[in-house]
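Open the model in your viewer and keep the selection tool at hand. We will go from the whole chain to single residues.

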Amino acid sequence: MKLKANIASMEAYVPGKTIPGAVKLSSNENPLGPSPKAVEAIRDALAGIHRYPDGASTTLKTTLARQWDVPIESILVANGSDEVFTLLAAAWIGPEENAIGIRETFSQYRYAVRLFGAEMREISLDAGSYDLEGMLGIIDRDTRMVFICNPNNPTGTYRTHEEIADFLNKVPRDVIVVLDEAYADFADETDFPDSRTLLKQYRNLVVTRTFSKIYGLAGLRVGYAIGNPELISGAERASMPFNVNNLAQAAALAALGDEEHRKATLKLVRTEKAFFSAELTDRGIFHYPTQANFVCFRLDTEISGLWEPIASRGIAIRDLKSFGLPRMARYTYGTRENNRRLLEILDEVTSG
Ligand SMILES: Cc1ncc(COP(=O)(O)O)c(C=O)c1O
């Protein structure tokens, strides 16, 4: 038996960890829990789980299409945005071809591309942000796709509307640009990209979103993409027939209608971002300005040696070694109590 070389070269995904007794704030999940309306919808849907789901996720897609002001054919719904990336790569990249990305970012773009035997070409962040010029510089005639994580996981940094539009103007028209906006719901800068407008202007743009973060449904696995129908239908052909289950469809639909939960989440993140950033600054701890529900900060030592002492005191953070940033940590904003506790812990573990 011989394992295929592309599979052999793949590294296992390193998830955010926790330990018993610690509050898990290492995976950018919603500290307020799931949308209560989603939970209610799941209860109502339970009696129907002997049936296969609607393989076309029709109601969910229709609602999303309305929200994004696009035809239903422009929406792809999948088992998390992780699966969206895999379906896009399955349909649009082959062996001998390549995709362009960044090293210090979400790892599932790399996974999706390598799964189909293609090459993932990566460069480093430029001062913590996407190096769009650098990415343009390594595109060649075999490039089929570019991945941009905006805001970036794990730094929380972002590129503006103008910067992304300028990039799209320069990218060859036959290269698909995947703009992963998993955390865009949390962005508050006025020059953050308006992807609805960009989608109307660029036919090679695909925007991805998830129900795992602001809607609090990470465990159900629902993500989606918006793009021109040709790109979307290609990806859909690669999909398994019932990839989004009954409960996930019902919950996602209900969460879209739960403004109260969405607003409460946003309020918490924005308030805690201001609080936590000021506290880190007071302590002289470097951190990137963030547009997400997490913050990336640097300590003077490798986080791997501190992770356990920090978690055993009650808060599980994310060690960014697997992202190539061993002295940096990522912390998902929790409640004020959680955030205060982490600050106390940091004072303890970094003193002396
Ligand atoms: C940037 C980014 N994109 C996508 C995802 C995955 O989203 P989903 O849960 O929809 O697969 C994550 C999850 O952490 C993420 O950080």
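The tour below moves stop by stop, with something to select at each one.

**Before you start**

This is a predicted model: local features need pLDDT of at least 70, side-chain atom pairs count only at pLDDT 80 or more, and totals for chains, interfaces and linings use all residues. Residues are numbered from 1 along each chain as its sequence is written.

**Stop 1: the whole chain**

Select the protein chain. It holds 13 helices and twelve strands. Helices (H or I, at least four residues) and strands (E, at least two) are DSSP runs, numbered from the N terminus. The chain is as compact as a globular protein of its length, because its radius of gyration is 20 Å, close to the 20 Å that the globule rule gives for 352 residues. That radius is taken over C-alpha atoms, and the rule is 2.2 Å times the number of residues to the power 0.38. Along the principal axes, the C-alpha atoms fill a box of roughly 60 × 50 × 50 Å.

Buried residues make up 44% of the 352. A residue is buried if 20 or more other C-beta atoms lie within 10 Å of its own, exposed if 12 or fewer, and partly exposed in between; C-beta atoms are placed from the backbone. Now think of contacts, meaning two residues whose C-beta atoms, placed from the backbone, lie within 7 Å. Among contacts between residues at least 6 apart in sequence, 75% join residues at least 24 apart.

**Stop 2: strand β8**

Select residues 223-226, which form β8. Both faces are covered: G223 and A225 are buried on one side, Y224 and I226 on the other. Add β2 (residues 75-78), which runs antiparallel to β8 and is joined to it by four bridges. Two strands pair if DSSP finds at least two bridges between them. I75 has I226 in β8 as its bridge partner. Then add β7, which also pairs with β8 in the antiparallel sense, over four bridges. Here T208 stands opposite A225.

**Stop 3: the ligand**

Show the ligand and the 13 residues around it. To be near, a residue needs its C-beta atom, placed from the backbone, within 6 Å of the molecule. Which of them come nearest? Pick out G80, A182, T210, S212 and G223. The shell divides into four nonpolar, seven polar and two charged residues. Ala, Val, Leu, Ile, Met, Phe, Trp, Tyr, Cys and Pro count as nonpolar, Asp, Glu, Lys and Arg as charged, and the others, Gly among them, as polar.

**Stop 4: helix α7**

Select residues 161-170. In this helix, α7, residues I164, F167 and L168 are buried. They lie on the same side of α7 because they cover an arc of only 100° around the axis. The arc is that of the directions from the helix axis to the C-beta atoms. Turn to the other side, where E162, N169 and K170 are exposed. The buried residues pack against α6 (132-137), β6 (176-180), α8 (195-201) and β7 (205-210).

**Stop 5: I42**

Go to helix α2 (residues 36-45) and select I42. Is I42 buried or partly exposed? I42 is partly exposed, because 19 other C-beta atoms lie within 10 Å. Leaving aside neighbours within four places in sequence, I42 contacts L247, A250 and A251.

**Stop 6: a three-strand sheet**

Finish with the open sheet ordered β9-β12-β11, with antiparallel pairing. Its edge strands are β9 (294-298) and β11 (318-319), each pairing on one side only. Five bridges link β9 to β12 (residues 328-332). For F294, the bridge partner in β12 is T332.
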